[in-house]
Amino acid sequence: MADIDPETFEAEKYREYFPQLQSAYKRAFNRLNEDYDSQLVHAIDQQILNESEPILEEDGGFTLELPENPLDRLEGVVVSDDRAAEVLDVYVNEIESQLQSVFGVGNPDEPKA
């Protein structure tokens with residue numbers, strides 16, 4: 001699927017590519033849930049990432065656009081802002097990596113700047 005381009009992805013992401021998006025998000029969730037507090041991971045998933053937008057960049061990599069003030073959306077979990085920000089960053093990087101892997105674009109092992 002490496003021949004996908006940003007315009008096609010944007011136009012078709014919730015019609016043609018929805019199963020792949022679900023797979024990438026689920027794989028990222030499962031990976032984070034193994035290593036981090038499951039309550040925090042679930043809260044981030046349901047309260048922040050449910051409003052995120054995956055963006056395919058011209059260079060073939062993915063970025064995840066988060067809602068404005070994402071940490072202000074967290075409720076029902078006791079965690080420091082620093083810890084929540086750390087886990088959110090790891091989660092976003094994992095989703096971006098999983099998207100690259102599922103869609104066969106970019107280098108999923110290459111760290112983001």
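This passage describes the fold of a single chain, from its overall form to individual residues.

The structure is a predicted model, in which local features require a pLDDT of at least 70 and side-chain atom pairs count only at pLDDT 80 or more, while totals for chains, interfaces and linings use all residues. Residues are numbered from 1 along each chain as its sequence is written, and side-chain values rest on heavy atoms, with hydrogens and water left out.

The chain contains four helices and two strands. These elements are DSSP runs numbered from the N terminus, a helix being a run of H or I of at least four residues and a strand a run of E of at least two. Their order along the sequence is α-α-α-β-β-α. Along the principal axes, the C-alpha atoms occupy a box of roughly 45 × 25 × 25 Å. The radius of gyration is 14 Å, which agrees with the value near 13 Å for a compact globule of 113 residues. This radius is taken over C-alpha atoms, and the globule rule is 2.2 Å times the number of residues to the power 0.38.

Of the 113 residues, 40% are buried. A residue is called buried under 20% relative accessible area, exposed over 50%, and partly exposed in between, with a 1.4 Å probe and protein chains only. The accessible surface amounts to about 6,800 Å², and carbon and sulfur atoms supply 42% of this area. Such areas come from the Shrake-Rupley method with a 1.4 Å probe, and for residues only the protein chains shown count as cover. Among the contacts with a separation of 6 or more, 65% are between residues 24 or more positions apart; a contact means heavy atoms within 4.5 Å.

The chain carries 8 positive and 27 negative charges, and the mean positions of the two sets lie 6 Å apart. Lys and Arg are counted as positive and Asp and Glu as negative, whereas His and the chain ends are not counted. Each charge is placed at NZ of Lys, CZ of Arg, CG of Asp or CD of Glu.

Helix H2 comprises the 18 residues 18-35, and its end C-alpha atoms are 26 Å apart, in agreement with the 26 Å expected at 1.5 Å a residue. The expected span of a helix is 1.5 Å times one less than its number of residues. The buried residues of H2 are Gln20, Leu21, Ala24, Tyr25, Ala28, Phe29 and Leu32. In an α-helix there are 3.6 residues a turn, so residues three or four places apart point the same way. The buried residues of H2 pack against helices H1 (6-12), H3 (38-47) and H4 (81-103), and also against strands S1 (53-56) and S2 (62-65).

Helix H4 has 23 residues and reaches 32 Å from its first C-alpha to its last, close to the expected 33 Å. Leu99 belongs to H4 and is buried, with a relative accessibility of 0%. Beyond residues up to four places away in sequence, Leu99 touches Leu21, Ala24, Pro54 and Phe62. Leu99 and Leu21 are 78 residues apart along the chain, yet their C-alpha atoms are separated by 7.0 Å. Just after H4, Gly104 adopts a positive phi of about 65 degrees.

Residues outside the helices and strands were also examined. Ile4, in the segment before H1, is buried at 12% relative accessible area. Not counting residues up to four places away in sequence, Ile4 touches Phe9, Tyr17, Leu56, Phe103 and Val105. Ile4 and Phe103 are 99 residues apart along the chain, with C-alpha atoms separated by 8.2 Å. Glu16, in the loop between H1 and H2, is exposed, with a relative accessible area of 53%. The C-alpha atoms of Glu16 and Ser97, which are 81 residues apart in sequence, are 20 Å apart in space.

The loop between S2 and H4 contains Leu66, which is partly exposed at 28% relative accessibility. Apart from neighbours within four places in sequence, Leu66 is in contact with Ile48, Leu49, Ser52, Leu88 and Val92. Asn69 is placed in the loop between S2 and H4 as well and is partly exposed, at 45% relative accessible area. Most residues other than glycine have a negative phi. Asn69, although not a glycine, has a positive phi of about 50 degrees.
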